[in-house]
Amino acid sequence: MALAAAILPARAALPSWIDAHAHAFVRGLKLAVDARYAPNYDASWQTLQALAESNGVGRTVLLQPSFLGYDNSYLFDALKAAPQRFRGVPWISPSLDTRPEEWEEMARIGVRGLRFPILGLPTPQWSAYHEMLGEALKRDWPIHLYVESKRLPEMLPFLLDGGHKVVIPHYGLFDRTLGPARDPGFKALLESARTGRVFVVLCGAYRVGPERARMAAPMLLDAFGPERLMWGSDWPHTDTDLNRVTTYPLTLRTFEDWVPNEAVRRTILIDTPSKLYGL
């Protein structure tokens with residue numbers, strides 16, 4: 001038996017880089033009632049897996065697309081199919097009576113956070129999320145806010161005072177007409193760095209404007225350090241009104257240009273997300 005085991009081919013190690021913000025879906029999934037758009041193409045987790053690996057990325061954090069609403073079925077299927085590669089951040093309805101065993105099952109398959117993709121939507125009545133936030137806090141899951149920067153001065157203190165970790169995507173999603181230097185919400189985000197519990201994902205530069213994202217990158221690095229920053233592809237770059245030319249490899253090249261120090265990039269690409277998501 002020992003000899004047989006010895007001659008089995010070694011399992012190939014996954015590339016070490018981590019994509020901390022991507023999405024996966026296919027056509028035909030049930031859309032949210034208030035979905036802002038409905039993609040007419042497939043962006044399967046299998047395609048993402050192959051694309052990531054071909055670009056040196058071995059593991060990915062999948063976030064529930066806003067247009068799928070609370071139906072996390074496809075996300076959960078991906079986590080079950082490739083547990084070594086994926087961690088997931090679902091959007092959970094406050095109206096569901098989620099049982100303790102369901103929370104345990106989510107943790108078992110690789111859920112590592114809760115998402116609130118509420119850009120353009122009302123601020124949640126947090127009292128309705130009391131039990132849900134308690135489950136996240138118990139498991140040390142970060143709360144992901146996809147929200148306009150102008151709302152951060154109100155929302156960040158509530159979550160941070162409650163002991164939560166918070167993840168903000170898209171360079172802070174500052175007002176692209178103001179830019180990072182003049183946006184008060186972005187200033188509040190930078191000030192929140194001193195708590196040590198806020199993380200920012202350098203992803204989706206096209207959502208705030210590439211040149212303004214380039215300006216924001218050193219400001220974020222100075223405030224948060226690489227220990228609180230992550231990189232994300234934002235694949236498949238869904239907001240077609242803003243995105244014209246973004247590709248997966250281009251997001252990596254842009255990141256390399258804007259963060260030229262190799263050791264700093266390594267912390268952002270590997271160390272920070274691996275600690276936060278248990279990858």
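The legends below describe the whole chain and then several close-up views of a predicted model.

In this predicted model, local features need a pLDDT of at least 70 and side-chain atom pairs count only at pLDDT 80 or more, while totals for chains, interfaces and linings use all residues. Residues are numbered from 1 along each chain as its sequence is written, and side-chain values use heavy atoms, with hydrogens and water left out.

**Figure 1. Overall view of the chain, with its ten helices and eight strands.** Helices (H or I, at least four residues) and strands (E, at least two) are DSSP runs, numbered from the N terminus. The radius of gyration, 19 Å, is close to the 19 Å that the globule rule gives for 279 residues, so the chain is as compact as a globular protein of that length; the radius is taken over C-alpha atoms, and the rule is 2.2 Å times the number of residues to the power 0.38. Along its principal axes the C-alpha trace spans about 65 × 45 × 40 Å. Buried residues make up 53% of the 279 residues, where buried means under 20% relative accessible area, exposed over 50%, and partly exposed in between (1.4 Å probe, protein chains only). Of the contacts with a separation of 6 or more, 77% are between residues 24 or more positions apart, contact meaning heavy atoms within 4.5 Å.

**Figure 2. Close-up of the largest nonpolar core, which has 72 residues.** A nonpolar core is a set of buried Ala, Val, Leu, Ile, Met, Phe, Trp, Tyr and Cys residues joined through side-chain atoms within 4.5 Å. The members that touch the most other members are Leu114, Leu145, Tyr171, Leu189 and Leu220. Apart from this core lies another, of eleven residues, among them Ala20, Leu63, Val201 and Cys203. When residues up to four places away in sequence are not counted, the contacts of Leu145 are Phe116, Trp126, Leu152, Met155, Leu159, Val166, Val167, Ile168 and Pro169. In soluble globular proteins, nonpolar side chains tend to be buried together.

**Figure 3. Close-up of Tyr171 and Leu173, in the loop between strand S6 and helix H7.** Strand S6 covers residues 166–168 and helix H7 covers residues 184–191. Tyr171 has a positive phi of about 60° although it is not a glycine, and phi of Leu173 is likewise positive, near 50°. Both side chains belong to residues that count as buried, with a relative accessibility of 5% for Tyr171 and 12% for Leu173. Most residues other than glycine have a negative phi, and most peptide bonds are trans.

**Figure 4. Close-up of the cis peptide bond that joins Trp235 and Pro236.** The omega angle of this bond is about 5°. Pro236 lies in the loop that runs between strand S8 (229–231) and helix H9 (248–258).

**Figure 5. Close-up of His144 in strand S5, residues 143–146.** With a relative accessible area of 5%, His144 is buried. Not counting residues up to four places away in sequence, His144 touches Leu63, Val89, Leu114, Arg115, Phe116, Val167 and Tyr277. The C-alpha atoms of His144 and Trp91 are separated by 9.5 Å, whereas along the chain these residues are 53 residues apart.

**Figure 6. Close-up of Arg112 and Gly278, whose C-alpha atoms are 8.1 Å apart in space.** In sequence the two are 166 residues apart. Arg112 is found in the loop between helix H4 (100–109) and strand S4 (114–117), and Gly278 has its place in the segment after helix H10 (262–277). Arg112 counts as partly exposed at 22% relative accessibility, and Gly278 is also partly exposed, with a relative accessible area of 46%. Leaving out residues up to four places away in sequence, Arg112 touches Arg87, Gly88, Ala107, Trp141, Pro142 and Tyr277, while Gly278 touches Arg87 and Pro273.

**Figure 7. Close-up of Thr60 in strand S2, residues 57–63.** At 3% relative accessibility, Thr60 counts as buried. Leaving aside neighbours within four places in sequence, Thr60 is in contact with Asp19, Ala22, Leu48, Ala52, Arg85, Phe86 and Arg87. Thr60 and Met219 are 159 residues apart along the chain, and their C-alpha atoms are separated by 25 Å.
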